[in-house]
Amino acid sequence: MLTESSKERKLSFDIRRTIILGAFIKEWSMPEYRVILNQPDKAIHIEIYYFPAVSDNDVARFATVGLSGTLRSNGQPIYTEWMMALSSDLGGESVDRIFSYVCDLIAHHIETSRNSQIPRVMEESGLAPANWSTKAFLLDELRGESEELEEIQIGNEVVQVVWALPITAQEASLILREGVEAFDSYMADTEHSIIDPRRS
């Protein structure tokens, strides 16, 4: 049986899901698949949706719903949702493998991040998919998407949607040394697509 506080939390999440998922569907059409990261003892309930590419030249996306309402280990709300854009072939990995990786990244972020300041770099990790050369990770301002997705209003709360981008160890080092603008310049001069997780 649900207590009053758990009923309120469930309603709050349902409203959050309706607004955020509605904004995503408006831009990217219907999701194909969802996984739920659920840790009731820590009041963590996050849904991750997969929006497949509609063609070989289109973009596949993974996006969170509920991360914004989750508390960090320091008790502060996260206030952001993540969106990861990938090439249509998902870098040679399965949807399930990418879901697993995103869940690992989220769990690490909840435990270790102190605030929502971006850009934020997570250095190379053995948890990254084996077929990817991009085993580090960048959280930054949303790019290449509708401006309407950058901030989503939920009552009095403003939720920022951030770009969750797999990057190489060399790219991570460049960002940490010279800033994200240097990374942007580097990517503008390369023939590789920024959403290709197998770029070298």
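Buried means under 20% relative accessible area, exposed over 50%, and partly exposed in between, with a 1.4 Å probe and protein chains only. The model is predicted, so local features need pLDDT of at least 70 and side-chain atom pairs count only at pLDDT 80 or more, while totals for chains, interfaces and linings use all residues. Residues are numbered from 1 along each chain as its sequence is written, and side-chain values use heavy atoms, leaving out hydrogens and water.

**Exercise 1. Find the aromatic pairs, and describe how the rings of W28 and F51 meet.**

Step 1. Start with the criterion: rings of Phe, Tyr and Trp (its six-membered ring) pair if their centres lie within 6.5 Å; planes under 30 degrees apart are stacked, over 60 edge-to-face, and the rest tilted. The structure holds eight aromatic pairs.

Step 2. Now take W28 and F51. Their ring centres are 5.1 Å apart and their planes stand at 70 degrees, so the pair is edge-to-face.

Step 3. Place both residues in the chain. W28 belongs to helix α1 (residues 4-28) and F51 to strand β2 (residues 44-51), so the pair links distant parts of the chain, 23 residues apart. Helices (H or I, at least four residues) and strands (E, at least two) are DSSP runs, numbered from the N terminus.

Step 4. Check the cover: W28 and F51 are both buried. Elsewhere, Y33, Y50, F62 and F99 form one aromatic cluster.

**Exercise 2. Work out which residues of α3 are buried and what they pack against.**

Step 1. List the buried residues of α3: E171, A172, L174 and I175.

Step 2. Look down the axis of α3. The buried residues fall within an arc of 160 degrees, so they line one face of the helix. The arc is taken from the directions from the helix axis to the C-beta atoms.

Step 3. Turn to the face away from the buried side of α3, which carries the exposed residues Q170, L176 and R177.

Step 4. Find the partners, with contact meaning heavy atoms within 4.5 Å. The buried residues of α3 pack against β5 (120-122), β6, β8 and α4.

Step 5. Follow the chain onward: after α3 comes G179, with a positive phi near 100 degrees.

**Exercise 3. Do the same for helix α4 (residues 180-188).**

Step 1. The buried residues in α4 are V180, A182, F183 and M187. Seen down the axis of α4, these buried residues fall within an arc of 150 degrees, so they too line one face of the helix.

Step 2. E181 and A188 are exposed, on the face of α4 turned away from its buried side.

Step 3. The cover over the buried residues of α4 includes β6 (136-141), β8 (157-167) and α3 (169-178).

**Exercise 4. Trace salt bridges in the structure, including those of R17, E148 and R143.**

Step 1. Apply the rule: a side-chain nitrogen of Lys or Arg within 4 Å of a carboxyl oxygen of Asp or Glu. A search of the whole structure finds 13 salt bridges.

Step 2. R17 pairs with D14, the closest N and O atoms being 3.1 Å apart. The two are three residues apart in helix α1, so about one helical turn separates them. R17 counts as partly exposed at 23% relative accessibility, and D14 counts as partly exposed at 23%.

Step 3. E148 and K26 meet in a salt bridge at 3.1 Å, N to O. E148 lies in the loop between β6 and β7 and K26 in helix α1, so the pair ties together parts 122 residues apart in sequence. Both E148 and K26 are exposed.

Step 4. R143 and D184 form a salt bridge at 2.4 Å, N to O. This pair links distant parts of the chain, with R143 in the loop between β6 and β7 and D184 in helix α4, 41 residues apart. R143 is partly exposed with a relative accessible area of 26%, and D184 is partly exposed with 29%.

Step 5. Finish with the network: salt bridges that share partners join K10, D14, R17, R34 and E47.

**Exercise 5. Decide whether L142 is buried or exposed, and name what L142 touches.**

Step 1. Locate L142 in the loop between β6 and β7 (151-154).

Step 2. L142 has 11% relative accessibility, so this residue counts as buried.

Step 3. Leaving out residues up to four places away in sequence, L142 touches M83, L149, E150, V161, V162 and W163.
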